[in-house]
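Colleague: I would like to learn how the labels on a model are earned. Could you show me the structure and then let me quiz you?

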Amino acid sequence: MTNKDYIEKACQQFKSLMEEQLERQERMETGSAPKDFAAMEKITIGIVGGDGIGPIIMEQAERLLRVSLAEEISAGRIVLKQIEGLTIENRTALGKAVPDDVLAAIKECDVLLKGPTTTPKGGTLESANVTLRRELDLYANVRPVQVPEEGIDWIFYRENTEGEYVLGSRGVEIPGKLSMDFKVTTEAGTRRIAKAAFDYAAANGKDNVAIVTKANIMKKTDGNFTRICHEVAADYPGIKADDWYIDIMTANLVNKDIRSSFQVFVLPNLYGDIITDEAAEIQGGVGTAGSANMGDQYAMFEAIHGSAPRMMEDGLGDYANPSSIFKAAEMMIRHIGFTAKADKLAAVLEECCEKEKKVVVTGFADGATCKAFADYVIGKL
Ligand code: IPM
Ligand code: MG
């Protein structure tokens, strides 16, 4: 192919991407009412093992759910459903980020608790997470981080369906010469994540929301993201909206003099991805933070970390820390309406992870195993 051919092909692709994204923005404008769990006779929780350390931590997470939700499960109000086939082997063999039958099984559930899935670098296979977030329209990635002894109580509202991710596997290139990826900000997509962040702030007595972008450089996408967040903020008079750039905010989070003043953050997808790993590390490691992917019809709860291929290679899988997926389980129990049970689990996790610390997982053979830690937590429920 000549350069001219590449450019011609890229222009055609760009046209169809823009049309597709415009359609998505229009679909979002109509919106949909959130599910009312209290009114539902039966709630189906999908259990997805994932790759690497996924099945190891998920086995313990499922035990935890069976204890925490024992009465509801035996009464048939809650059903746990195993979802098979979301493995890197199956996904690469079929060349599908989420195979059709797996997606159909997932769509029969109301919420999911999901172990980490491996994302291949390069190639064209999209991350299973990105596909699921898009297919289930899980637009808000909510990640709380707390360090009580320092007064840190942060919650991140990361936009989860667009930005750098939505077309991340559909860039263009002239091989050996140049490559271009696309970042997308839509009006409706930004409005709904901003609204989620400000609603949370209003409902939880917070008076400050940090809007974090790089709008000085990404003028269109981040520029509009900031503008829309401020338009939404105008409906919340008691809450101050502050603009920050992602670089200085990354530095602020390691600045002990000011970091505890931040409360709620709202930010585009990729910045949210990066800064929440940093925040989790401040809390005690990426193995310690839970993550909720929320939409109006579905919600998916997962650990903030990946499948830890290096731990598996080193034979350390059994020493994986399940606290991140346990926190995700707590967020899920809260989301489906069992507040008292979620509070109980949160208190037990705080006791086990921060106060008593009788069984400590380090991720190495000198620490406790995943199962031993789960026994410790479950023993206190
Ligand atoms: C996360 C993860 C994912 C992401 C990966 C697994 C695709 O890092 O949930 O933060 O980049 O969003
Ligand atoms: Mg991440």
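Modeller: What follows is a chat about aromatic rings, charges and a ligand in this predicted model.

Colleague: Let's begin with rings. How many aromatic pairs does the count come to?

Modeller: The count comes to 10 aromatic pairs. One of them joins Tyr157 and Tyr200.

Colleague: Why is the pair of Tyr157 and Tyr200 called tilted?

Modeller: Its ring centres are 5.8 Å apart and its planes meet at 45 degrees. Rings pair if their centres lie within 6.5 Å, and an angle that is neither under 30 nor over 60 degrees counts as tilted. So this is a pair, and a tilted one.

Colleague: What does the pair of Tyr157 and Tyr200 tie together?

Modeller: Tyr157 belongs to strand β5 and Tyr200 to helix α7, so the pair links parts that are 43 residues apart in sequence.

Colleague: Are these two tyrosines, Tyr157 and Tyr200, buried or exposed?

Modeller: Tyr157 has a relative accessibility of 8%, and buried means under 20%, so Tyr157 is buried. Tyr200 has 22%; that falls between the cut-offs of 20% and 50%, so Tyr200 is called partly exposed.

Colleague: What makes Phe326 and Phe373 a stacked pair?

Modeller: Their planes are 25 degrees apart, with 6.2 Å from centre to centre. Stacked asks for under 30 degrees, and pairing for centres within 6.5 Å, so the name fits. Phe326 sits in helix α12 and Phe373 in helix α14, so this pair ties together parts 47 residues apart in sequence. Both Phe326 and Phe373 are buried.

Colleague: Which residues form one aromatic cluster?

Modeller: Trp154, Phe156, Trp244, Phe262 and Phe265 do.

Colleague: How do you know that the charged end of Lys35 sits over the ring of Tyr298?

Modeller: Lys35 has its charged end 5.2 Å from the ring centre of Tyr298. The limit is 6 Å, together with a position within 35 degrees of the ring normal. Arg158 also lies over a ring face, that of Tyr165, at 5.1 Å from the centre.

Colleague: Now the ligand. Which residues surround ligand 1?

Modeller: Arg158 and Tyr165 are among them, along with Ser127, Asn129, Arg133, Arg143 and Asp273. This shell divides into 1 nonpolar, 2 polar and 4 charged residues.

Colleague: What makes the approach of Tyr165 to ligand 1 a polar contact?

Modeller: A polar side-chain atom of Tyr165 is 2.6 Å from an oxygen atom of ligand 1. The cut-off is 3.5 Å between N or O atoms, so the label holds. For Arg143 the distance to a ligand oxygen is 2.8 Å, and for Asp273 it is 2.8 Å. Taken alone, ligand 1 exposes 310 Å², of which the protein buries 80%.

Notes
Residues are numbered from 1 along each chain as its sequence is written. Chains are lettered from A and ligands numbered from 1 in the order in which they are written. This is a predicted model: local features need pLDDT of at least 70, side-chain atom pairs count only at pLDDT 80 or more; totals for chains, interfaces and linings use all residues. Side-chain values use heavy atoms; hydrogens and water are left out. Rings of Phe, Tyr and Trp (its six-membered ring) pair if their centres lie within 6.5 Å; planes under 30 degrees apart count as stacked, over 60 as edge-to-face and the rest as tilted. Helices (H or I, at least four residues) and strands (E, at least two) are DSSP runs, numbered from the N terminus. Buried means under 20% relative accessible area, exposed over 50%, partly exposed in between (1.4 Å probe, protein chains only). A residue is near a molecule or strand if one of its heavy atoms lies within 4 Å of it. A polar contact is a pair of N or O atoms within 3.5 Å; within protein, one must be able to donate a hydrogen and the other to accept it, and residues adjacent in sequence count only if both atoms are side-chain atoms. Accessible areas come from the Shrake-Rupley method with a 1.4 Å probe; for residues, only the protein chains shown count as cover. Ala, Val, Leu, Ile, Met, Phe, Trp, Tyr, Cys and Pro count as nonpolar, Asp, Glu, Lys and Arg as charged, and the others, Gly among them, as polar.
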